[in-house]
Each structure stands twice: as C-alpha cells, then as structure tokens.
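Q: Please take a close look at a single part of this structure. What is that part like, and what lies around it?

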Amino acid sequence: MRLLAIESSCDETAAAVVEDGRIVLSSVIASQIEEHKKYGGVVPEIASRRHSEAIVQVTRQALEQAGCVLQDLDGIAVTYAPGLIGALLVGVNFAKGLALSTGLPLIPVHHLRAHIASNYITTPDLKPPFLCLVVSGGHTHLIQVEDYTKLSILGHTRDDAAGEAFDKAARAMGMPYPGGVHLDKIAEKGDPSQFVLPHPKVDGCPYDFSFSGLKTAVINLIHNASQKGDALSVADLSASFRQAVIDCLTERVIRAMEDTGHKKLVVAGGVSANSLLRRRFAQECEQHGWSLYVPELNLCGDNAAMVGAQGYYEYQAGHTAGMDLNACAAMSVSFDRAASGN
C-alpha cells in the first residue's frame with residue numbers, strides 16, 4: 001500500500017511516499033529555519049504563507065522521486081493535529097483537494113503518533129507494545145503504545161516542553177534559533193558539574209515533567225552574572241543545563257519502565273537527536289536489560305515520511321475522514337477518531 005503523506009504542522013513543508021508503513025520511497029522537506037532565525041523563533045503567519053507557496057512543488061518532487069503518479073497511490077495521509085492552526089490548515093486543505101480530485105481515501109494523522117512511527121521506519125521489526133518518550137519543542141509525553149492506534153498517556157509536562165526549555169535557555173545564552181541544536185554542540189565541550197541546577201518534580205505525579213523552573217533558574221543566573229559584570233562559561237552552563245534536563249527525563253522514564261514492566265523503550269521527537277539523551281538512554285537500557293529504539297537523525301525532526309508510516313496503520317484501523325476534516329491546534333495523542341464518530 002502506497003500513501004502520499006503531507007506534513008505542515010510547524011515550519012517544515014514536507015511530502016513523502018511511503019509503502020506499507022515501513023518503506024520510504026521518497027521524502028522531501030522545505031525548511032523555513034533561515035527565515036525564522038531572524039525573529040528568534042517561528043512566526044505563525046509567515047510559516048503559513050511559506051507552506052502555501054511550497055506545498056505544490058514539494059509534493060511534485062516527492063512523487064517524482066518515488067517514480068509514481070497520483071494514480072499509483074492508495075491514499076492521502078496528512079497531519080491534522082496538533083500544531084500551528086494556520087500551518088496545519090494549509091496541509092489539510094491541500095490533502096483534501098487531492099483526495100477529492102482523485103477519489104483516494106483521506107487519512108488524518110496525529111503529529112505525535114507520527115513521531116512515534118518514525119521508529120517503524122528506522123527499525124522495521126519494531127512492534128507494540130512499548131513505552132515511548134516523545135520529546136520535542138512543543139511536547140514532552142510518556143506514552144504507553146499498546147497497539148499502533150491505541151495509546152495512553154502516563155505523564156506529560158506541566159509547563160514548558162523539554163525542547164522549548166532548551167531553545168529558551170540557548171537564546172538567553174546568545175545562541176541563534178533553533179537554540180537546542182547549538183546548545184547540544186556547545187555542551188559537548190563543557191563541564192556539567194560547574195553549575196548546580198534544580199531538578200523540578202511534580203508532587204503526586206511521578207511521571208509528569210516540569211521544566212519552567214529549571215529554565216528560569218538558568219535565565220536568572222545569566223542575568224545576575226551580567227549585572228555583576230561576571231563572565232560565565234557558556235560551554236559549562238550549557239553542559240550543566242543539558243544534564244539537568246536529561247536527568248529529569250531519565251528519572252521518569254526509568255520509573256515508568258519499572259512500574260509498567262515494559263522491556264522496549266522508544267524515543268521520538270526533535271529532542272531525540274540530543275547526543276547526551278541518546279548516550280544516557282543507551283547506558284540505562286543496557287544496564288536494565290531493555291531494548292532501546294531511537295529514530296535516525298534525519299527522522300527526528302518534522303517530516304512527512306513518519307506521517308506516511310503512521311497513516312498506514314490508521315488506515316488499517318479504519319480511520320479515514322471526509323471533506324469535513326478540520327485542523328486542530330491541540331489534541332490528545334490518545335484521541336480515538338473511530339470512537340468519536342469522526
């Protein structure tokens with residue numbers, strides 16, 4: 001089964017052709033990073049406009065690279081939630097137009113489910129059940145994946161997501177957007193023991209995360225040093241902050257793995273590219289006898305291949321949509337379209 005997949009939830013316009021949920025025949029991404037860099041973050045209206053300008057050409061390139069035409073496809077998969085509402089609407093309406101004109105089924109895909117599915121591409125023999133940590137700029141979730149379309153949330157962030165905290169801390173240290181990538185590289189040269197930072201917890205919720213206080217502690221440290229005229233080592237502060245974030249993630253994951261009895265740990269989302277995170281989880285899984293699955297680096301960020309991978313399983317579960325499909329800025333990863341009647 002071949003699906004054309006569309007992704008436009010934030011600042012990447014992407015299209016891909018994926019076969020049977022595991023084989024990527026093509027994957028094309030038009031990034032807007034350079035344009036948003038001058039603003040220090042994504043500007044939603046600019047993102048929406050650029051999606052409108054790029055989506056036709058990106059889709060054509062994906063079809064050409066896959067060596068197929070629309071008539072060779074079996075369905076159109078599209079990210080419809082969550083994300084920037086204007087950006088999502090571009091992809092959803094484009095996909096609806098293709099589905100209407102071709103008669104192909106329209107398959108709505110949740111963005112976080114798609115991130116999890118990036119691991120099905122990297123490791124074709126991976127199957128549920130497993131525990132998944134989804135970490136990105138907008139999301140930090142601990143998710144039990146019982147089946148491809150049956151998921152439940154164990155824990156989530158109460159404020160900032162891990163990726164958001166990385167980006168904001170990096171910006172406070174003077175790094176360009178996207179800050180998390182730069183912070184990770186600079187942290188490799190620093191000493192994480194030079195700064196003692198908080199490791200926030202949420203009382204009564206052992207699987208939940210909180211990064212706002214940690215981020216604020218770093219920002220205050222930088223401001224206080226600036227007011228006193230003291231010089232701070234950016235490398236050491238980056239290393240200390242990175243370790244504190246990864247410590248918080250690791251602690252919750254270990255507890256959830258032990259409590260649930262899962263033997264397979266999956267990590268997904270943009271922050272899954274973080275070098276310390278990958279090393280720490282590899283060490284912990286080896287120590288505990290668990291299997292670790294992480295996406296290839298080119299699948300960690302937003303892309304359409306992961307949408308096509310998850311779209312295959314949504315279609316197998318009977319999750320299709322009509323021309324009344326709408327984009328949604330916020331939606332739980334455990335939402336069941338079949339149960340909702342939509």
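A: The answer below starts with one helix and then turns to its surroundings.

This is a predicted model, in which local features need pLDDT of at least 70 and side-chain atom pairs count only at pLDDT 80 or more, while totals for chains, interfaces and linings use all residues. Residues are numbered from 1 along each chain as its sequence is written, and side-chain values use heavy atoms, with hydrogens and water left out.

The part in question is helix H10, which covers residues 305-316. Helices here are DSSP runs of H or I with at least four residues, strands are runs of E with at least two, and both are numbered from the N terminus. H10 has 12 residues and spans 17 Å from its first C-alpha to its last, close to the 16 Å expected at 1.5 Å a residue. The expected span is 1.5 Å times one less than the number of residues in the helix. After H10 comes Gly318, with a positive phi near 85°.

Of the 12 residues in H10, 10 are buried, and the helix is mostly covered. Buried means under 20% relative accessible area, exposed means over 50%, and partly exposed lies in between, with a 1.4 Å probe and protein chains only. The buried residues of H10 are Ala305, Met306, Val307, Gly308, Ala309, Gln310, Gly311, Tyr312, Tyr313 and Glu314. Their cover includes strands S1 (2-7), S2 (12-19), S3 (23-31), S4 (75-81) and S5 (106-110), together with helix H4 (111-122).

The strands in that cover also form a sheet. S3-S2-S1-S4-S5 is the order of the 5 strands in this open sheet, and their pairing is mixed. S3 and S5 are the edge strands, each with a single partner, so one side of each has no neighbour in the sheet. On average, neighbouring strands are turned by 20° against each other, direction ignored. S2 and S3 are antiparallel and pair over 8 bridges; two strands count as paired if DSSP finds at least two bridges between them. Thr13 has Ala30 of S3 as its bridge partner. Helix H3 (residues 85-102) lies across S1, S4 and S5 and runs at about 155° to S4. Such angles run from 0 to 180 degrees between N-to-C directions, using axes fitted to C-alpha atoms, for helices over the stretch in contact.

Two loop residues help to place H10 further. Ala304 sits in the loop between S10 and H10. Ala304 is buried, with a relative accessible area of 0%. Leaving out residues up to four places away in sequence, Ala304 touches Ala5, Ile6, Glu7, Ala14, Ala15 and Ala16. Contact means heavy atoms within 4.5 Å. From Ala304 to Ile121 the C-alpha distance is 12 Å, with their positions 183 residues apart in sequence.

Tyr148 belongs to the loop between strand S7 (140-147) and strand S8 (150-156). With 17% relative accessibility, Tyr148 counts as buried. Beyond residues up to four places away in sequence, Tyr148 touches Arg22, Tyr120, Leu126, Lys127, Pro128, Gln310 and Tyr313. The C-alpha atoms of Tyr148 and Gln316 are 9.6 Å apart, although the two residues are 168 residues apart along the chain.

Helix H4, named above as part of the cover, contains Asn119. Asn119 is buried, at 0% relative accessible area. Contacts of Asn119, apart from neighbours within four places in sequence, are Leu126, Val266, Val267, Ala268, Tyr293, Val294 and Pro295.

Val266 is in strand S9, opposite Cys132. S9 has 4 of its 5 residues buried, so the rest of the structure largely encloses it. S6 and S9 run parallel and are joined by 4 bridges. S9 also pairs with strand S10 (residues 291-293), again in the parallel sense, over 3 bridges. Lys264 has Ser291 of S10 as its bridge partner. The chain passes from S9 through H9 to S10 in a right-handed β-α-β crossover. Right-handed means that, with the strands pointing away from the viewer, the path from the first strand over the helix to the second runs clockwise.
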